[in-house]
Amino acid sequence: MPRGLPVGKPAEMAVGAVGLGLVDCHCHLSAPEFNSDLDEVLEKAKKAHVTALVAVAEHAGEFERIMQLSERYTGFILPCLGVHPVQELSPEEPRSVTLKDLDVALPIIEKYKDRLLAIGEVGLDFSPRFAGTEEQKEEQRQVLIRQVQLAKRLNVPLNVHSRSAGRPTINLLREQGAERVLLHAFDGWPSAAMEGVRAGYYFSIPPSIIRSGQKQKLVKQLPLSSICLETDSPALGPERQTRNEPCNISISAEFIAQVKGISVEEVREVTTQNALKLFPKLQYLLQK
């Protein structure tokens, strides 16, 4: 997730889906870009008929902040804790994850295990600047395998990153018996994504679809029954290098409708129902 993005204009507010409204299945609310105005950002999301924000972590240093936010905004911000394949502990020196990073994180995850919606953000990132060697790729695999096993033990889904590693990620998840999976902002081939569909996995689509031919081709092939919505805020917004916000989730819904030639209302309703199927705790947490 890029850092240091300038603040941009919010999207126009949109009418939400029937019943529960929209679910942003993957966003980074603990990012420093939101430190100064998170309350305003969340109010705009509510006005855009967003019912739930699934907040993911990248490293152990974010865990307490995410849990505090989920407590402060009970039933609206829903926490996921996990160790990302790229560790950006300082923006100047991002690096591939190590098993030591996971060892630091696991006790904190255990502490909050009963409050988690999912384990995430986890996955593989085989971008050459992060994983230029087979040793780094293998260590990423081991970190992911251990977190898949953790999610199975806790009986929660996985919120998964797979940059430059779409097919390897799906293959590993299937080999490890992962059943409830969200592949966020999937950048692989549609043929690889369809292997995920056959495994019962879901794919969340960010507002950057409006400028991504790859995402548009992906959505054209994916069945609506496998699609969820996300923003990946503050990244992957409708404009490059501009801070993305949860209220922009309506842009994803509108563009998916356009690509598939169906109504925006159908996209909103089906994607929200998909989120409820993917995250069984969601319905309960929303009622708290």
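Where in this predicted model does S164 lie? S164 lies in the loop that runs between β7 and α5, and the views below start from the sheet before coming back to that loop.

**View 1. An open sheet of eight strands with parallel pairing.**
In this predicted model, eight strands follow one another in the order β1-β2-β3-β6-β7-β8-β9-β10 and form an open sheet whose pairing is parallel. The edges are taken by β1 (22-27) and β10 (227-229), each of which has a single partner strand, so one side of each is left without a neighbour in the sheet. From one strand to the next, the twist averages 30°. At the β1 edge, four bridges join β1 to strand β2 (residues 50-55), and these two strands run parallel. Within this pairing, C27 has A55 of β2 as its bridge partner.

**View 2. Helices α2 and α9 packed on the sheet.**
Helix α2 (residues 63-72) packs on the sheet, where it touches β2 and β3 (77-81), and the direction of α2 makes about 155° with that of β3. Helix α9 (residues 264-278) also packs on the sheet, touching β1, β8 (181-184), β9 (202-205) and β10, and the direction of α9 makes about 95° with that of β10.

**View 3. The annotated positions H26, H28, E121 and D232.**
The unreviewed UniProt entry carries a "binding site" annotation that covers H26, H28, E121 and D232. These positions span 207 residues in sequence, yet no two of their C-alpha atoms are more than 10.8 Å apart, so they gather at one spot. Of these, E121 has its place in strand β6 (residues 118-123), and the peptide bond that joins G120 and E121 is cis, with omega of about 15°. A cis peptide bond also joins S233 and P234, here with omega of about 5°, and P234 has its place in the loop between β10 and α8.

**View 4. The annotated positions H161 and H184, with the loop that holds S164.**
In the unreviewed UniProt entry, a "binding site" annotation covers H161 and H184. Although these positions are spread over 24 residues of sequence, they cluster in space, the largest C-alpha distance being 5.9 Å. The place of H161 is in strand β7 (residues 158-161). In the loop between β7 and α5 lies S164, which has a positive phi of about 55° although it is not a glycine.

**View 5. The contact of helices α5 and α6.**
Helix α5 (residues 166-175) and helix α6 (residues 190-198) have axes that come within 9 Å and cross at roughly 15°. That angle makes α5 roughly parallel to α6, and the crossing of the two helices is left-handed. On the α5 side, the contact is made by R167, I170, N171 and R174, and on the α6 side by S191, A192, A193, E195 and G196. Sorted by class, this contact of α5 with α6 has three nonpolar, three polar and three charged residues.

**View 6. The contact of helices α6 and α7.**
Helices α6 and α7 pack at an angle of about 40°, with their axes 10 Å apart. The angle makes α6 oblique to α7, and α6 passes α7 in a right-handed crossing. From α6, the residues P190, A193 and M194 make the contact, together with K217, L218 and Q221 of α7. These residues divide into four nonpolar, one polar and one charged.

**View 7. The contact of helices α7 and α8.**
Helix α7 (residues 213-221) and helix α8 (residues 249-260) pack with their axes 9 Å apart and at an angle of about 65°, and the crossing of α7 and α8 is right-handed. Here Q216, V219 and K220 in α7 meet F255, I256, V259 and K260 in α8. By class, the contact of α7 with α8 has four nonpolar, one polar and two charged residues.

Note on methods
Residues are numbered from 1 along each chain as its sequence is written. This is a predicted model: local features need pLDDT of at least 70, side-chain atom pairs count only at pLDDT 80 or more; totals for chains, interfaces and linings use all residues. Side-chain values use heavy atoms; hydrogens and water are left out. Axes are lines fitted to C-alpha atoms, for helices over the stretch in contact, and angles run from 0 to 180 degrees between N-to-C directions. Angles under 35 degrees count as roughly parallel, over 145 as roughly antiparallel, 65 to 115 as roughly perpendicular and the rest as oblique. A crossing is left-handed if the near helix is turned anticlockwise from the far one by less than a right angle, and right-handed if clockwise. Contact means heavy atoms within 4.5 Å. Ala, Val, Leu, Ile, Met, Phe, Trp, Tyr, Cys and Pro count as nonpolar, Asp, Glu, Lys and Arg as charged, and the others, Gly among them, as polar. Two strands pair if DSSP finds at least two bridges between them. UniProt positions are given in the numbering used here, feature names are shortened, and annotations may be inferred rather than shown by experiment.
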